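Dear colleague,

I am handing over the structure we spoke about, and I would be glad if you looked through it before reading my notes. The notes after it go from the whole chain down to single residues.

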Amino acid sequence: PESKYTISNNKIFGNIIRENSNYGIVTFESSNNIISENFFNESSKSLYLGRWSDNNIISYNNFTGNYISVILEYSFNNMIFDNSIIDGNRGIWLSY
C-alpha cells in the first residue's frame, strides 16, 4: 500500500516550523520535491526524509536550536546545500 506520507513533485517553502516535540516535516517514499526557505526552530527532529525519499532538494533553510536538524534514512540522490544549522545537538544525520 502507498504510504500516507508520500509526496512527489512539490515545493515546500516559506514555512515556520517550531517547538515540535517530535518531527516537523516527515516524508516516506517521496521524490523530486524542493524543501526550501523554511525556518525550523526548537524541535526534536526538524526534517525527516525516510525510506526511499529520493532526488529531493533541501536548500536555503534555517535550522536553529533543534536536536537533529535533518535526517535522511534509506534515501538516495538528495541534494542538501546553502542551509544554516545553528545551536543544535546534531546537524545532519545520514543513515542506511
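What follows is a description of the chain, its sheets, its core and one residue in a loop.

Please keep in mind throughout that this is a predicted model.

To begin with the chain as a whole, its secondary structure comes to zero helices and twelve strands, so that reading along the sequence gives the pattern β-β-β-β-β-β-β-β-β-β-β-β. The radius of gyration is 12 Å, close to the 12 Å that the globule rule gives for 96 residues, and the chain is therefore as compact as a globular protein of that length. Along the principal axes, the C-alpha trace spans about 35 × 20 × 20 Å. Of the 96 residues, 36% count as buried, and among the contacts with a separation of 6 or more, 25% are made by residues 24 or more positions apart.

Turning to the sheets, I will describe two of them. As general background, strands of a sheet pair through backbone hydrogen bonds, either parallel or antiparallel.

One open sheet is formed by four strands in the order E1-E4-E7-E10, with parallel pairing. Its edges are strand E1 (11-13) and strand E10 (79-81), and because each has a single partner strand, one side of each is left without a neighbour in the sheet. From one strand to the next, the twist in this sheet averages 5°. Within it, strand E4 (residues 34-36) and strand E7 (residues 57-59) pair in the parallel sense over three bridges, and Ile 34 stands opposite Ile 57 in E7.

Another open sheet, also of four strands, has the order E3-E6-E9-E12, and its pairing is parallel. Here strand E3 (23-28) and strand E12 (90-95) stand at the edges with a single partner strand each, which means that one side of each has no neighbour in the sheet. The twist from one strand to the next averages 5° in this sheet. Strands E3 and E6 run parallel and are joined by five bridges, while Val 26 has Tyr 48 in E6 as its bridge partner.

The next point concerns the interior. In soluble globular proteins, nonpolar side chains tend to be buried together. In this model, the largest nonpolar core has eleven residues, namely Ile 12, Ile 17, Ile 25, Ile 35, Phe 40, Leu 47, Leu 49, Ile 58, Phe 63, Val 70 and Leu 72. The elements that give two or more residues to this core are strand E6 (45-50) and strand E9 (68-73). If you would like a core member to inspect, Ile 17 is in contact with Gly 24, Ile 25, Phe 39, Phe 40, Asn 41 and Ser 43, leaving aside its neighbours within four places in sequence.

Finally, I would draw your attention to Ser 75, which is found in the loop between E9 and E10. Is Ser 75 buried or exposed? Its relative accessible area is 13%, and because buried means under 20%, Ser 75 counts as buried. The side chain of Ser 75 reaches the backbone oxygen of Leu 49 at 3.1 Å and the backbone oxygen of Ser 53 at 3.4 Å. Leaving aside neighbours within four places in sequence, Ser 75 is in contact with Leu 49, Gly 50, Arg 51, Trp 52, Ser 53 and Asp 54.

With best wishes

Technical notes: Residues numbered from 1 in each chain as written. Predicted model: local features only at pLDDT ≥ 70, side-chain atom pairs only at ≥ 80, totals over all residues. Heavy atoms only, no water. Pairing = 2+ DSSP bridges. Axes fitted to C-alpha atoms, helices over the stretch in contact; angles between N-to-C directions. Core = buried A, V, L, I, M, F, W, Y, C linked by side-chain atoms within 4.5 Å. Buried < 20%, exposed > 50% of the residue type's maximum accessible area, 1.4 Å probe, protein only. Contact = heavy atoms within 4.5 Å. Polar contact = N/O pair within 3.5 Å; in protein donor to acceptor, adjacent residues only side chain to side chain. Rg over C-alpha atoms; globule rule 2.2 N^0.38 Å.
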